[in-house]
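User: I'm new to this one and would like to find my way around. Could you take me through it with a few questions?

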Amino acid sequence: FGPCVVVYKASQMAEYGSLSVCFWGAAAYLITQMFKMLLFAALLPVETADDQFLLYVEILKAFFNIVDCLGLAAFFLYKSVGTTSGVRVCAVGLGWASAKAFISRLAPMWIGARSLEFNLTHLVEAMEANVDLLLCIVFATAIWLLVKKSLSFQLTCLLALVLVVHSFFPVLHGYLTRVCGFGLFEALALDVAEGCALAAMCYFAFQSTSLTKLKVN
């Protein structure tokens, strides 16, 4: 959770007092995950083994990520916060990432830290949390641009591609790690490549909208 604090303190979020927006982003994550858990319980078949890779199950899980998109879009549509747009997007993404790290990584890290033997798995999970922070901010930015901005067809397709890759990348990640035998650091490198690529695409879209606004003015 250290990188989340560093990002908050080092950016304009601390200057604008955006901590409440971070909490709203975390709340949006928790609510959407509750709906996804209901969908998982109702529609997903029971897997025979924890490490078994079933392609149709993983694809179905990826389709359920549309709940994340709808939940975050609803947040940007109906929740008004009193900060600038860039700060708001970063604060929501930071809150989303913090809640995700708290739910999915706190217990394994706590148990692993109390064990007698050092395990690289927990170190890699900590680094993956940093990549998740970047991906969550990219995800929030893409949703915000699609909801709040009048975009060209090309930029709309680019941001749609960002969301599709973000939603379905876990399928490829699971196949490579559980079927092809990718190691911890190979999987981490794959996550870093995904984060950098999606961040570059989203940054291009954000800058394009800014330049278009300047030309109009």
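Analyst: Sure, here are some questions and answers about this predicted model.

User: Let's start in the middle. Which helix gives the most residues to the largest nonpolar core?

Analyst: That core has 45 residues, and L72, F76 and I143 have the most contacts inside it. Several helices each supply at least two of its residues, among them α1, α3, α5 and α6. The top contributor gives 13 residues, and that helix is α7.

User: Which residues does L72 touch, leaving out those up to four places away in sequence?

Analyst: L72 is one of the residues with the most contacts inside the largest nonpolar core. With residues up to four places away in sequence left out, its partners are V92, W96, F139, A140 and I143.

User: Now for a pair of helices. How many charged residues are in the contact of α7 with α8?

Analyst: The axes of these two come within 10 Å and cross at roughly 140°, and the crossing is left-handed. On the α7 side the contact includes L135, V138 and F139, while α8 brings T156, L159, V162, L163 and H166. Sorted by class, the contact has 10 nonpolar residues and two polar ones, and the number of charged residues is zero: there are no charged residues.

User: What arc do the buried residues of α4 cover around the axis?

Analyst: In α4, which spans residues 55-63, the buried residues are V57, E58 and A62. They sit on the same side of α4, because the arc they cover is only 140°.

User: And what covers those buried residues of α4?

Analyst: The buried residues in question are V57, E58 and A62. Their cover includes α5 (66-78) and α8 (153-178).

User: Is L155 buried or exposed?

Analyst: L155 lies in helix α8. Leaving out residues up to four places away in sequence, it touches F204, A205, S208 and T209. Buried means a relative accessible area under 20%. L155 has 10%, so it counts as buried.

User: How far apart are the C-alpha atoms of L155 and F206?

Analyst: Along the chain, L155 and F206 are 51 residues apart. In space, their C-alpha atoms are separated by 9.2 Å.

User: Last one: what is the relative accessible area of L172?

Analyst: L172 is also placed in helix α8. L172 and L55 are 117 residues apart in sequence, and 9.7 Å apart in space from C-alpha to C-alpha. L172 is partly exposed, with a relative accessible area of 41%.

How values were computed: Residues are numbered from 1 along each chain as its sequence is written. This is a predicted model: local features need pLDDT of at least 70, side-chain atom pairs count only at pLDDT 80 or more; totals for chains, interfaces and linings use all residues. Side-chain values use heavy atoms; hydrogens and water are left out. Buried means under 20% relative accessible area, exposed over 50%, partly exposed in between (1.4 Å probe, protein chains only). Helices (H or I, at least four residues) and strands (E, at least two) are DSSP runs, numbered from the N terminus. The arc is that of the directions from the helix axis to the C-beta atoms. Contact means heavy atoms within 4.5 Å. A nonpolar core is a set of buried Ala, Val, Leu, Ile, Met, Phe, Trp, Tyr and Cys residues joined through side-chain atoms within 4.5 Å. Axes are lines fitted to C-alpha atoms, for helices over the stretch in contact, and angles run from 0 to 180 degrees between N-to-C directions. A crossing is left-handed if the near helix is turned anticlockwise from the far one by less than a right angle, and right-handed if clockwise. Ala, Val, Leu, Ile, Met, Phe, Trp, Tyr, Cys and Pro count as nonpolar, Asp, Glu, Lys and Arg as charged, and the others, Gly among them, as polar.
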